[in-house]
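The following exercises are to be worked with the sequence and the coordinates at hand. Each task is followed by a solution in steps.

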Amino acid sequence: MAIDPSVIGKELPPAELLVERGRLRLFCRAIGETDPVYLDVATARRAGHPDLPVPPTFFTAVGHERPDPFDWLAELGVGLAEVLHGEQEFTYHAMAYAGDRLVMRSRISDAYSKKGGALDFIVRDSTVVRLDGRAIADLRDTIVVRNPEPAR
Amino acid sequence: MSLDVRVGAELPELSPPPISRATLALFAGGSGDHNPVHIDLDAARAAGMADVFAHGMLSMAYLGRLLAGWAGQQRIRSMRVRFAAITPVHAALRCTGQVVAIDDQAGERRARIELRVSLPDGTTTILGDATVAID
């Protein structure tokens with residue numbers, strides 16, 4: 001199925017995450033991060049941080065903080081089993097810390113097909129800001145849809 | 001603090017322990033990405049895969065560790081990657097970085113780092129780059 005280019009520009013529902021220390025420690029455990037700056041508040045403060053820092057790739061977690069974070073794909077007729085993560089980009093404006101309430105806003109910025117329709121690409125541009133408006137990071141991700149039956 | 005960097009310098013390599021199914025379960029919880037193809041064998045097979053496979057963002061998180069461990073996270077200005085191949089469960093990844101350029105951007109010296117994650121058989125799973133402030 002080819003993605004309808006009219007989806008370009010579509011805004012997705014915003015997501016919000018209150019960053020908790022326990023959540024950051026779970027993330028760090030999963031990625032094997034052992035630097036105490038990311039795990040121990042006193043060490044983080046001695047290093048000049050107000051609290052545990054949010055690691056550089058954690059921000060995608062904000063976008064997953066909705067009851068069904070993949071519902072927008074379903075709305076496009078895309079099944080989760082057909083998608084692969086193609087590309088991911090982060091541009092950083094400021095550090096974020098445990099205790100911050102982060103908001104992600106996303107829009108579909110591009111959609112195109114390759115290989116005669118066997119693969120569709122959906123590009124999303126997202127901003128992550130702190131609740132007080134401080135810009136934290138910009139994200140761009142490309143999702144690849146593997147179509148089981150390419151258009152003939 | 002000033003980083004000693006020059007074009008061609010390699011970052012200290014990061015080689016995390018092989019990715020277990022437990023790693024993927026923990027990462028699903030930590031990252032909020034509960035896509036079942038990463039944690040549920042039945043779902044992975046239904047999607048046509050032989051087994052579950054690792055979240056691309058797990059490998060990118062290792063690259064985040066590589067950069068932050070080298071320069072400090074506050075210095076990372078951007079990171080971008082292309083996921084070139086699937087990372088199978090049990091894979092032992094090698095995460096490497098090399099300084100490929102140094103220039104002035106937005107009023108500071110920045111190094112451009114080429115990033116790569118690879119499997120033991122040499123398959124590149126991620127290619128990417130990052131910009132890091134160096135003074």
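A disulfide is counted here when two cysteine sulfur atoms lie within 2.5 Å. The model is a predicted one.

**Exercise 1. Cysteines**

Determine how many disulfides the structure holds, and account for the state of Cys28(A) and Cys95(B).

Solution.
- Step 1. Over all chains, the number of disulfides is zero.
- Step 2. Cys28(A) takes part in no disulfide, and the nearest cysteine sulfur, that of Cys95(B), is 16 Å away.
- Step 3. Seen from Cys95(B), the closest cysteine sulfur is in Cys28(A), and the distance of 16 Å is too far for a bond.
- Step 4. The cut-off for burial is a relative accessible area under 20%. Cys28(A) is buried, at 1%, and Cys95(B) is buried as well, at 0%.

**Exercise 2. Architecture of chain A**

Describe the secondary structure of chain A and the order of its elements.

Solution.
- Step 1. Count the elements: chain A contains four helices and five strands.
- Step 2. Place them along the sequence, where the pattern reads β-α-α-α-α-β-β-β-β.
- Step 3. Consider the extent of the chain: along the principal axes, the C-alpha atoms of chain A fill a box of roughly 60 × 30 × 25 Å.
- Step 4. Turn to the contacts. Of those in chain A with a separation of 6 or more, 69% come from residues 24 or more positions apart.

**Exercise 3. Surface and charge of chain A**

State what share of chain A is buried, what its surface is made of, and how its charges are placed.

Solution.
- Step 1. Chain A has 152 residues, and 51% of them count as buried.
- Step 2. The accessible surface of chain A is about 7200 Å², and carbon and sulfur atoms hold 51% of that area.
- Step 3. The side chains of chain A include 19 positive and 23 negative ones. The centres of these two sets are 3 Å apart.

**Exercise 4. A salt bridge from a helix to a loop**

Identify the parts of chain A that the pair Arg21(A) and Asp51(A) ties together.

Solution.
- Step 1. The pair qualifies as a salt bridge, with its closest N and O atoms 2.9 Å apart.
- Step 2. Arg21(A) belongs to helix α1 (residues 21-31), while Asp51(A) sits in the loop between α2 (41-46) and α3 (60-63), so the bridge joins parts of chain A that are 30 residues apart in sequence.
- Step 3. Compare the surroundings of the partners: Arg21(A) is partly exposed at 34% relative accessible area, whereas Asp51(A) is buried at 9%.
- Step 4. Extend the view to the network of salt bridges that links Arg21(A), Arg45(A) and Asp51(A).

**Exercise 5. Two further salt bridges**

State how many salt bridges there are over all chains, and examine Arg66(A) with Asp71(A) and Arg80(B) with Asp129(B).

Solution.
- Step 1. The count over all chains is 17 salt bridges.
- Step 2. Arg66(A) and Asp71(A) form one of them, with the closest N and O atoms 2.9 Å apart. Arg66(A) is buried at 15% relative accessibility, and Asp71(A) is partly exposed at 24%.
- Step 3. In chain B, the side chains of Arg80(B) and Asp129(B) form a salt bridge at 3.2 Å, N to O. This pair links distant parts of the chain, with Arg80(B) in strand β1 (residues 76-83) and Asp129(B) in strand β4 (residues 124-133), 49 residues apart.
- Step 4. Arg80(B) is partly exposed, at 43% relative accessibility, while Asp129(B) is buried, at 14%.

Terms used: Residues are numbered from 1 along each chain as its sequence is written. Chains are lettered from A and ligands numbered from 1 in the order in which they are written. This is a predicted model: local features need pLDDT of at least 70, side-chain atom pairs count only at pLDDT 80 or more; totals for chains, interfaces and linings use all residues. Side-chain values use heavy atoms; hydrogens and water are left out. Helices (H or I, at least four residues) and strands (E, at least two) are DSSP runs, numbered from the N terminus. Buried means under 20% relative accessible area, exposed over 50%, partly exposed in between (1.4 Å probe, protein chains only). Contact means heavy atoms within 4.5 Å. Accessible areas come from the Shrake-Rupley method with a 1.4 Å probe; for residues, only the protein chains shown count as cover. Lys and Arg count as positive and Asp and Glu as negative; His and the chain ends are not counted. The place of a charge is taken as NZ of Lys, CZ of Arg, CG of Asp or CD of Glu. A salt bridge is a side-chain nitrogen of Lys or Arg within 4 Å of a carboxyl oxygen of Asp or Glu.
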